[in-house]
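Please look over the sequence and the model below, and then read the briefing that follows, which is grouped by topic.

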Amino acid sequence: MQCCEGLRSQATSRRSLLLGGAAFAAWAYVPKFARAADGRDPRLVVVILRGALDGLATVAPIGDPDYAGLHGSIALRPDGPNAAVMLDSFFGLHPAMPEFARMYRARQAAVIHAVATSYRERSHFDGQDVLESGFAGPGRVQSGWLNRALEALPKGERVTRALAVGPTTPLVLRGPAPTVGWAPVALPQVDDDTAMRLLELYQHRDPALASALTQGLQLEKAAQGDEMKRKPGTNGISAMRLVARGAAKLMAADDGPRIGALAFDGWDTHAKEGGPVGRLAQLLGGLDGALAEFESGLGERWRDTVIVVATEFGRTARINGTEGTDHGTGTVALLAGGAVKGGRVISDWPGLKPANLYQGRDLAPTIDLRAVMKGVLHDQFGLTDRVLAESVFPDSQPVKPMQGLVV
Amino acid sequence: MARDSQAALVALNRFGFGARGGASGDFVNAAFDPRGFVKSELNRANAALLEMPGLCSTPALGKALFDYQFEIQQARNAAAKSAATEAAPAEPKAQRRNPSLSSIAKDMTAKEPMAQADAMQPNPPRPPPQQANVIQKTFRTEALARVQRATFAECGFVERLVVFWSNHFCISASKGALARIWAGSFEREAIRPHVLGRFADMLKAVEQHPAMLFFLDNQQSLGPDSRAGINRNRGLNENLAREIMELHTLGVGGGYTQDDVTALARIITGWTFAGRRGQLGPPGTFVFNANAHQPGAQRVMGKVYEPNGVAQGEAVLADIARHPSTAKFIATKFARHFVADDPPPALVAYLQDVFSKTDGDLKALATALVDSGEAWQAPLTKMRSPYEFLIASGRLLGRNPEDPSRYLGGLNVLGQPLWSPAGPNGFPDISAAWAAPEGMKLRLDISAQIASRLGDGVDPRELLELVAADAASPDTRRTIERAESRQQALALLLMSPEFQRR
């Protein structure tokens with residue numbers, strides 16, 4: 001052990017942020033909406049939770065007689081300390097989400113329960129492919145459904161105001177329709193002249209890099225926004241808030257993007273998931289804070305906004321041997337925003353009796369997530385059933401858009 | 001052999017970490033005998049091992065961490081006690097959460113400081129964060145050793161192989177204190193000894209390494225019918241078993257089912273590591289805990305494995321290591337990493353065949369790749385990863401890495417924090433992931449920073465000769481020659497397609 005001697009000292013409190021866990025990307029244009037006539041200027045934000053959110057822990061079916069037994073030591077309770085916030089007589093919201101609860105009471109938030117994509121295996125990466133690509137099966141990673149929805153919109157003005165840049169674009173927004181990205185970063189920046197010279201070289205030698213750099217530089221222009229230059233928060237949870245704050249600021253601008261996507265990592269709670277407090281509670285608190293940041297940051301545009309929160313699949317109904325949950329199937333999707341017809345849990349509850357569980361282990365999905373996404377895209381942007389079924393979510397004709405999700 | 005500049009570019013950039021600056025003669029040597037230049041490293045004894053004073057074994061690091069955490073716990077207990085006697089005892093200390101492991105682990109996930117602004121700045125070296133604890137110090141020491149090895153390697157092919165396999169079998173330091181303190185020793189102990197050895201041996205070393213067992217929760221998984229499982233009323237966690245099949249060997253669609261995952265999870269219950277008090281063995285060592293092991297025979301992919309202690313699981317690993325799906329999965333990833341996002345099918349088939357016929361001989365696999373025609377004919381369309389980019393820059397500029405902060409900060413900014421991918425599938429390995437708009441702009445910012453600090457002392461025109469010689473395009477040459485300053489020319493050189501593509 002002598003090689004480690006002398007290495008011991010006090011724990012340091014010095015922390016900083018790893019940026020990989022949260023990033024925001026948006027469409028590079030302000031769309032021209034057919035609906036502009038009625039004074040609405042709709043916004044859509046898609047929040048991807050990577051790692052598979054435990055829907056039964058987020059919105060607990062407390063009225064289901066089998067729930068408490070299955071979720072065991074981490075089950076939420078309707079009473080006592082850290083009680084779930086009852087959304088109706090059956091479902092209780094995780095207590096780490098007071099902002100969402102407030103929005104729900106104000107009829108600006110809704111829950112869709114026992115929902116899943118068309119994917120029925122249990123690989124994160126394939127599951128995320130399906131969730132984000134909008135194709136019925138994995139392996140199609142060239143473009144995401146939100147990007148293809150954008151292609152169907154009238155293009156409008158190029159977004160010139162964007163703030164800074166972060167490492168990657170989520171698949172859901174990847175594709176031919178040009179997008180811009182942002183993540184909080186503090187880094188001295190290159191001068192314009194050098195950038196232009198490099199761009200010229202790329203234009204001669206490497207068109208792909210030219211295109212990437214062009215977009216990267218355009219983001220740069222209005223990057224001097226005050227808060228964005230501030231040092232990011234101290235951990236992944238506050239990074240969620242910070243990214244949401246920056247994204248909201250971008251999207252609130254008159255010439256800002258109307259459609260954006262964020263991805264938050266870390267939901268793969270195999271062990272020590274925690275109940276009303278603990279690991280998942282912290283993450284949900286971060287998500288809740290991010291939703292509140294959107295509400296305040298979007299200002300009067302909040303009333304035209306829909307935020308959709310979705311994950312690749314759910315987790316096992318029964319907790320595993322390590323007070324966590326393994327990869328499952330059915331889960332929740334959350335809607336928030338002033339444009340949401342909220343205050344309700346939309347569910348065709350399958351029940352948690354052993355015979356009702358999918359493959360005897362997971363919450364059985366009764367709603368196709370694509371129906372939710374289609375409903376939102378239809379109501380917010382007027383995309384037709386045909387476009388939704390053919391190009392946005394290919395081969396999804398039988399999955400009808402869910403009606404009346406938007407006020 | 002005639003001098004072949006284009007092949008030298010392939011040898012140095014596709015297979016290696018790029019040409020070193022100064023009088024290394026790397027480009028000339030690579031141009032003279034491109035294949036020989038790449039393969040010469042493979043024949044050195046223990047080419048992939050990394051042993052240096054100051055690098056500790058996993059058990060030693062585990063013990064240091066356990067002791068450190070124990071001390072903090074003791075100190076906090078003492079502080080809480082004295083506080084409790086002073087304050088009114090009636091108030092139960094406002095829900096003070098377990099202060100030891102979780103909070104320390106938090107501190108540790110605490111990533112490197114936002115030192116990105118100083119990515120690879122030459123001098124003066126930043127002082128290390130004040131009062132860095134054993135975890136941070138270890139992480140920095142391990143990082144520095146790895147960066148130095150890559151910087152000074154001749155071609156760097158073996159180090160590139162290490163990085164490939166380490167990403168294939170990744171853990172993430174952000175999992176917690178143990179993962180962070182073990183990130184380097186995991187790579188040194190489970191990956192490096194087998195990079196030119198057998199896949200099955202690497203697989204076994206990885207799945208029995210305490211860092212992997214911790215990263216994928218297997219130390220918590222108990223056989224539901226084992227003594228420990230019954231006593232504690234706890235059971236399986238299938239995380240490790242699933243990723244062994246999905247990410248480490250067979251791949252998605254590799255012919256296994258949920259039942260196979262569950263059976264493997266049962267089989268590897270009891271695979272754990274000894275803790276601070278060493279009840280199961282020396283702290284920080286792999287142990288098979290029979291008390292936690294699910295008794296009985298299990299069926300995995302149609303074959304029954306009789307109860308046989310730790311050997312039951314080892315037999316499964318040995319079988320799936322030589323499964324055809326594994327050969328295909330590995331061959332595809334290997335070709336994708338080195339050659340193209342969509343590698344030539346003939347090359348993949350050939351590598352798969354080599355893997356199968358040699359029973360997973362990884363040196364044979366690497367040799368086959370270098371000997372293939374496709375690996376040299378395919379155009380240089382891949383992007384250097386952030387790690388490759390920063391290492392290549394340091395090599396070209398002849399930097400002796402003394403302070404890991406510059407590298408760690410740069411990697412954080414560019415989205416590839418060292419040993420800390422977002423998930424167990426590792427960092428992405430396709431060009432689109434690294435050639436994104438945001439990523440390109442950040443690369444340019446970092447290049448400009450490096451150049452602003454080092455540009456005065458170098459002649460970028462000479463550096464271009466070292467990087468690409470007459471394989472440099474006239475456009476790149478002109479852009480560098482016409483730059484308004486040496487600094488600007490260096491930034492442009494570091495961002496040129498000849499330097500970014502591989």
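Chain A of this predicted model has a mean pLDDT of 83, with 83% of its residues reaching 70 or more. The pLDDT falls below 50 over residues 160-167 of chain A, a stretch that nevertheless has 51 contacts in the model beyond near neighbours in sequence, and it is also below 50 over residues 222-235 of chain A, where 27 such contacts are found.

**Confidence in chain B and in the complex**

- For chain B the mean pLDDT is 89, and 90% of the residues of chain B reach 70 or more.
- Residues 88-130 of chain B have a pLDDT below 50, and this stretch makes 86 contacts in the model beyond near neighbours in sequence.
- For the complex, the predictor gives an ipTM of 0.83 together with a pTM of 0.73.

**Helix packing between chains A and B**

- Helix H6 of chain A, which spans residues 192-205, packs with helix H24 (residues 474-481) of chain B at an angle of about 170°, the two axes being 9 Å apart.
- Because of that angle, H6(A) is roughly antiparallel to H24(B), and the crossing of these two helices is right-handed.
- On the side of H6(A) the contact involves A:Arg197, A:Leu201, A:His204 and A:Arg205, which meet B:Asp475, B:Thr476 and B:Thr479 in H24(B).
- Sorted by class, the residues of this contact between H6(A) and H24(B) comprise one nonpolar, three polar and three charged.
- A:Asp192, which also lies in H6(A), counts as exposed because it has 11 C-beta neighbours inside 10 Å.
- Computed along the chain, so to speak, A:Asp192 and A:Leu377 are 185 residues apart in sequence, while their C-alpha atoms are 39 Å apart in space.

**Helix packing within chain B**

- The axes of helix H9 (residues 199-207) and helix H14 (residues 310-321), both of chain B, come within 9 Å and cross at roughly 140°.
- That angle makes H9(B) oblique to H14(B), because an angle has to be over 145 degrees to count as roughly antiparallel.
- The crossing of H9(B) and H14(B) is right-handed.
- From H9(B), the residues B:Phe199, B:Ala200, B:Leu203, B:Lys204 and B:Glu207 meet B:Glu314, B:Leu317, B:Ala318 and B:Ala321 of H14(B).
- By class, this contact of H9(B) with H14(B) has six nonpolar and three charged residues, and no polar ones.
- Seven of the nine residues of H9(B) are buried, so this helix is largely enclosed by the rest of the structure.
- The buried residues of H9(B) are B:Phe199, B:Ala200, B:Met202, B:Leu203, B:Ala205, B:Val206 and B:Glu207.

**Residues with a positive phi**

- Most residues other than glycine have a negative phi, which is the background for the two residues described next.
- A:Asn82 has a positive phi of about 55° although it is not a glycine, and it lies in the loop between helix H2 (67-71) and strand E5 (85-86) of chain A.
- With 13 C-beta neighbours inside 10 Å, A:Asn82 counts as partly exposed.
- B:Trp419, likewise not a glycine, has a positive phi near 55°, and its place is in the loop between helix H20 (404-413) and helix H21 (431-434) of chain B.
- B:Trp419 counts as buried, because 26 C-beta neighbours lie inside 10 Å.

How values were computed. Residues numbered from 1 in each chain as written. Chains lettered and ligands numbered in written order. Predicted model: local features only at pLDDT ≥ 70, side-chain atom pairs only at ≥ 80, totals over all residues. Axes fitted to C-alpha atoms, helices over the stretch in contact; angles between N-to-C directions. Helix = DSSP H or I, 4+ residues; strand = E, 2+ residues; numbered from the N terminus. Parallel < 35°, antiparallel > 145°, perpendicular 65-115°, else oblique. Left-handed = near helix turned anticlockwise from the far one by under 90°. Contact = placed C-beta atoms within 7 Å. Nonpolar A, V, L, I, M, F, W, Y, C, P; charged D, E, K, R; others polar. Buried ≥ 20, exposed ≤ 12 C-beta atoms within 10 Å, placed from the backbone. pLDDT = per-residue confidence, 0-100.
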